[in-house]
Amino acid sequence: MPSTPLATRSVLGHCAASPQAVWDCLSDVARWHEWNPGVRSAALDGFFAEGAWFTMDLPEGMSLRSRLVDVVPARCFTDETEVGPMMVCVRHEILPSASADGTGCRICYTIEVRGPDAQSLCDEVSSDFPQVIEALAQRAHAASTSRDAA
């Protein structure tokens, strides 16, 4: 039996904000478009929990329906999306800081694509991960700074 083609990629970034501030941004699906230029709009069906579905509309007009398959509050979540004959899973992790003073955190996005032409779709979907992680880090930091000032 032939194996299904698989492609993966991980991108790691750093954030001055707390893990909770990053989680607050990640778990607020309706506001993803405010910091992720690859999202025109997004809507969650129910609560941000394992098994929940969300719809994400992309700037170019495509709409994707995804399911949360693993959620660990303030640590990580994985979503799963069928794209034609392929399955795309993206894990969003908030990791402890690697800085000497222990402040902030690290953000890691890992994509896994299974199916024909997996590498091409993996490359396409993950091409903006560095910019998305940077925008998320900036959003979380700005939100935590404004909360601290209040």
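These legends go with four close-up views of a predicted model.

**View 1. Seven strands make up an open, antiparallel sheet.** Follow the strands across the sheet and you will meet them in the order 1-7-6-5-4-3-2. Strand 1 (6-15) and strand 2 (41-45) are the edge strands; each has a single partner strand, so one side of each is left without a neighbour in the sheet. On average, neighbouring strands are turned by 20° against each other, direction ignored.

**View 2. Strand 4 and strand 5 run antiparallel, with helix 1 packing on the sheet.** Here you can look at residues 63-72 of strand 4 beside residues 76-83 of strand 5, joined by six bridges. To find your way along the pair, try Asp 70, whose bridge partner in strand 5 is Thr 78. Helix 1 (residues 19-26) touches both of these strands, as well as strand 1, strand 6 (86-96) and strand 7 (105-114). The direction of helix 1 makes about 155° with that of strand 6.

**View 3. Helix 2 has its buried residues on the same side.** Helix 2 spans residues 118-126, and its buried residues are Ala 118, Leu 121, Cys 122 and Ser 126. These residues lie on the same side of helix 2 because they cover an arc of only 115° around the axis. In general, an α-helix has 3.6 residues a turn, so residues three or four places apart point the same way.

**View 4. Asp 57 is a buried residue of strand 3.** Strand 3 takes in residues 53-57. Asp 57 has a relative accessible area of 18%, and so counts as buried, the cut-off being under 20%. Leaving aside neighbours within four places in sequence, Asp 57 is in contact with Val 39, Arg 40, Ser 41, Met 62 and Ser 63.

Note on methods
Residues numbered from 1 in each chain as written. Predicted model: local features only at pLDDT ≥ 70, side-chain atom pairs only at ≥ 80, totals over all residues. Heavy atoms only, no water. Pairing = 2+ DSSP bridges. Helix = DSSP H or I, 4+ residues; strand = E, 2+ residues; numbered from the N terminus. Axes fitted to C-alpha atoms, helices over the stretch in contact; angles between N-to-C directions. Contact = heavy atoms within 4.5 Å. Buried < 20%, exposed > 50% of the residue type's maximum accessible area, 1.4 Å probe, protein only. Arc of directions from axis to C-beta.
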